[in-house]
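Me: I am new to this one. Please show me the sequence and the structure, and then let us go through it by question and answer.

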Amino acid sequence: MGFLAPWFLAGLAAVGLPVWLHLLRRHRNVPVPFSSLRFFERRTQSSVRHRRLRYLLLFALRTLVLVLLALAFASPFIERAGGPAAGSRRMVVLAIDDSFSMRHGGRLARAKEEAARVASGMAGEAEGQVLAFASGVRTITTVTSDSAELQEGIRAIEAGDARGSYAELVRALRSIVQAANVPVEVHVFSDMQKSSLPPNFADLALPAGVRVVTHPVAEAAANAAVESVRAPRGIYGQGRAVVSATVANFGPSVETRRAALFMNGREVESRSVEIPAAGRAEVEFAGVEVPFGFSRCEVRIEPADELAEDDRFHFSIERADPRPALFVHEPNHTRGLLYFRAALEAAAQAAFQLEPVTADRTATVDPAHYAFVVLSDVAAIPEAFDAALKRYVEGGGSVWIALGRMGAARGRLPVTGET
């Protein structure tokens, strides 16, 4: 017998309350001096034994109620041992990975062949069940000792398009172990992809007494991949692009590959890169001339391996002239222009070319010709330019209004008209 919440047994200390009421607070006669008893009427004294019996029953009932309350909150349960045959029986679970990666290189066929061998070798006192798992778990057969039924369920499994998840498999195994009430032996047939592991290792915990046997079916194949590429999204003016790529090796031995940069279907540069076993290497293409407009680019490693889909990485680069930006300021306030221009030119690739103009000369300026407009603490602008800025903003243009002492003297914001 056990308790689900044994800390509630501390409530048994409340039994002391009826003990205090019945024993420590017994009625005591206090002698009172009186002059004469001649005028008192003689009466029969009540039975002390009857009064004690009645109080003892009340004491027992009060104590019993408190004990039962404490036991009810402690949630007692009775552990039942299995029947005489439970110790000699066991359950075998055959879990076969049918995720997308099992399609490669005959992995699923090897997993099914290995599972069939385990099913045929099960002893007579064992029962088995076949599961298929990927992003979820499917029950292929019921719990049975018929080896032919298990073999048929194994042959019916086909690889799907889902990603594997060992956390989902473990969650299903917990339910199976809880319902089995016999020792469970789990055989997992999988290519053991790292991407199938959960982020929290506690999600792989199984109850005590469960035996897990893994059957890896993935072959040790050489595989290299272009993992990532770092390249500028745009080149402006006369600059050149610098493209660097990270090449990863997932195989057990050192790989030497040729890394090439392609632009619009034409090879631009190539490098030889040596990738350590289960490691990474960097390759850089410097001073790449990019034509005007958008260019379709690709970093490719050669020769291609069995998993050729990850041997190339696609990206794009745009080459364009710097776009003009309008900077409106007061004639005697040029410090803001100096700071703003220095900030724009500090970028590695300056995408904008600043064109300054004083506020009193903006009547004939069309803001639609500029990438954005900056109003740097201007006191007033011509009405024509103010109307043009409103149309520019309504059409999707951007205006940056920097307020200061001169702008505050105007009383209202340009473009928006707010106070």
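Me: Which strands does helix 3 lie across, and at what angle does helix 3 run to strand 3?
Reply: This is a predicted model, where local features need pLDDT of at least 70, side-chain atom pairs count only at pLDDT 80 or more, and totals for chains, interfaces and linings use all residues. Residues are numbered from 1 along each chain as its sequence is written, and side-chain values use heavy atoms, with hydrogens and water left out. Helix 3 lies across strand 3 (90-97), strand 6 and strand 7. Its angle to strand 3 is about 170°.

Me: Which strands does helix 4 touch, and what angle does helix 4 make with strand 4?
Reply: Helix 4 packs on the sheet and touches strand 3 and strand 4. Axes here are lines fitted to C-alpha atoms, for helices over the stretch in contact, and angles run from 0 to 180 degrees between N-to-C directions. With the direction of strand 4, helix 4 makes about 10°.

Me: How many helices and strands does the protein have?
Reply: Helices (H or I, at least four residues) and strands (E, at least two) are DSSP runs, numbered from the N terminus. The secondary structure comes to eight helices and 19 strands.

Me: In what order do the five strands of the open sheet with strand 3 run, and which are its edge strands?
Reply: The pairing in this sheet is mixed, and the order is 5-4-3-6-7. Two strands pair if DSSP finds at least two bridges between them. Each edge strand pairs on one side only: these are strand 5 and strand 7 (211-216).

Me: Which residue stands opposite alanine 132 in strand 5?
Reply: Strand 4 (residues 126-133) and strand 5 run antiparallel, joined by three bridges. Opposite alanine 132 stands arginine 138.

Me: How are helix 3 and helix 4 oriented to each other?
Reply: Helix 3 (residues 107-120) and helix 4 pack at about 175°, with axes 9 Å apart. Angles under 35 degrees count as roughly parallel, over 145 as roughly antiparallel, 65 to 115 as roughly perpendicular and the rest as oblique. So helix 3 is, to helix 4, roughly antiparallel.

Me: Where does threonine 141 lie, and is threonine 141 buried or exposed?
Reply: Threonine 141 lies in the loop between strand 5 (137-139) and helix 4 (147-155). Buried means under 20% relative accessible area, exposed over 50%, partly exposed in between (1.4 Å probe, protein chains only). Threonine 141 has 6% relative accessibility, so it counts as buried.

Me: Which residue has its backbone nitrogen 3.0 Å from a polar atom of the side chain of threonine 141?
Reply: Contact means heavy atoms within 4.5 Å. Beyond neighbours within four places in sequence, threonine 141 is in contact with residues including Gln129, Glu149 and Gly153. The backbone nitrogen that lies 3.0 Å from a polar atom of its side chain belongs to valine 130.

Me: Is valine 184 buried or exposed?
Reply: Valine 184 is in strand 6 (residues 184-190). Not counting residues up to four places away in sequence, valine 184 touches Met91, Val93, Val177, Gly209, Val210 and Arg211. Its relative accessibility is 5%, so valine 184 counts as buried.

Me: Which residue stands opposite glycine 234 in strand 15?
Reply: Another open sheet has five strands in the order 9-15-14-11-12. There, strand 9 and strand 15 (residues 312-320) pair in the parallel sense over three bridges. Opposite glycine 234 stands glutamate 318.

How values were computed: Polar contact = N/O pair within 3.5 Å; in protein donor to acceptor, adjacent residues only side chain to side chain.
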